[in-house]
Amino acid sequence: MVLHPSEDRIYAVDSDTSPRDIEMFRLMDGKFSSNQDSPYHGEYKFSTVIGITPDGKYVLNGAGTVLSATNNSASNMQYATAIDLFDYVAVHSAHKEIFFTGKDRMIKQYDTETLKVTGTLTTKGTILKLFMSDKQLIAITKITLPGNPLPQYAVETVKDF
């Protein structure tokens, strides 16, 4: 689940149905007031990973599917485009112009307006979590060293702003 930046709706992806589906739940006075199912049922792939762009215009799914995020039921959750597959997404309201996705050891920086990759970064370990603050992009990673059967975990500062 992901809370829209306007805090008036939540987008969620099913984890127990096939094909997966995305749904939006509207919030009013801190309570669910209504919901809307996406118009797609198998036409596009969805993973259980979900995010939203920092400007609130798009719902991002780990399978690479990007849907619109609007207040209008007719245009909400409409297919917009596809991006590269990802397992983690990081956004921050102080940086509405960019967001990051992560998979394995690779982090991709996207331009929020164009949804195009504008940079790539590599972590030392496999990404387990990705966070973005107003000053840094941070990854929690798992590192396996040769000859050591026990993995090590690291907090990597990947990028400073």
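**A walk through the strands**

Ser 68 is buried, with 12% of relative accessible area. That places Ser 68 under the 20% limit for a buried residue, and it makes a good starting point for a tour of this predicted model.

Let us look at the surroundings of Ser 68 before moving outwards. Ser 68 belongs to strand β7. Its side chain comes to 2.4 Å from the backbone oxygen of Ser 75. Ser 75 also appears among the contacts that Ser 68 makes beyond its neighbours within four places in sequence. The others in that set are Lys 57, Tyr 58 and Val 59, together with Asn 76, Met 77, Gln 78 and Ala 80.

Now follow the strand that carries Ser 68. Strand β7 covers residues 65-68 and pairs with β6, residues 58-61, in the antiparallel sense, over three bridges. If you would like a pair of residues to find by eye, take Leu 60, whose bridge partner in β7 is Val 66. Strands in a sheet are joined through backbone hydrogen bonds, and the pairing can be parallel or antiparallel.

Stepping back, β6 and β7 are part of an open sheet of four strands, ordered β5-β6-β7-β8 and paired in the antiparallel sense. Which strands stand at the edges? They are β5 (50-52) and β8 (79-82); each has a single partner strand, so one side of each lacks a neighbour in the sheet. On average, neighbouring strands here are turned by 25° against each other, direction ignored.

From here we can visit Val 13, in strand β2 (residues 9-13). Is Val 13 buried or exposed? With a relative accessibility of 14%, Val 13 counts as buried. Leaving aside residues within four places in sequence, Val 13 touches Arg 20, Asp 21 and Ile 22, then Phe 46, Ser 47, Thr 48 and Ile 50, and also Asn 61. For a sense of distance, compare His 41: it is 28 residues from Val 13 along the chain, and the two C-alpha atoms are separated by 12 Å.

Our last stop is a hairpin further along. Strand β11, residues 106-111, and strand β12, residues 117-122, pair in the antiparallel sense over five bridges. Within this pairing, Met 106 stands opposite Thr 122 of β12. How many residues lie between the two strands of the hairpin? There are five, and in this hairpin Leu 115 takes a positive phi near 60°.

Conventions:
Residues are numbered from 1 along each chain as its sequence is written. This is a predicted model: local features need pLDDT of at least 70, side-chain atom pairs count only at pLDDT 80 or more; totals for chains, interfaces and linings use all residues. Side-chain values use heavy atoms; hydrogens and water are left out. Two strands pair if DSSP finds at least two bridges between them. Axes are lines fitted to C-alpha atoms, for helices over the stretch in contact, and angles run from 0 to 180 degrees between N-to-C directions. Buried means under 20% relative accessible area, exposed over 50%, partly exposed in between (1.4 Å probe, protein chains only). A polar contact is a pair of N or O atoms within 3.5 Å; within protein, one must be able to donate a hydrogen and the other to accept it, and residues adjacent in sequence count only if both atoms are side-chain atoms. Contact means heavy atoms within 4.5 Å.
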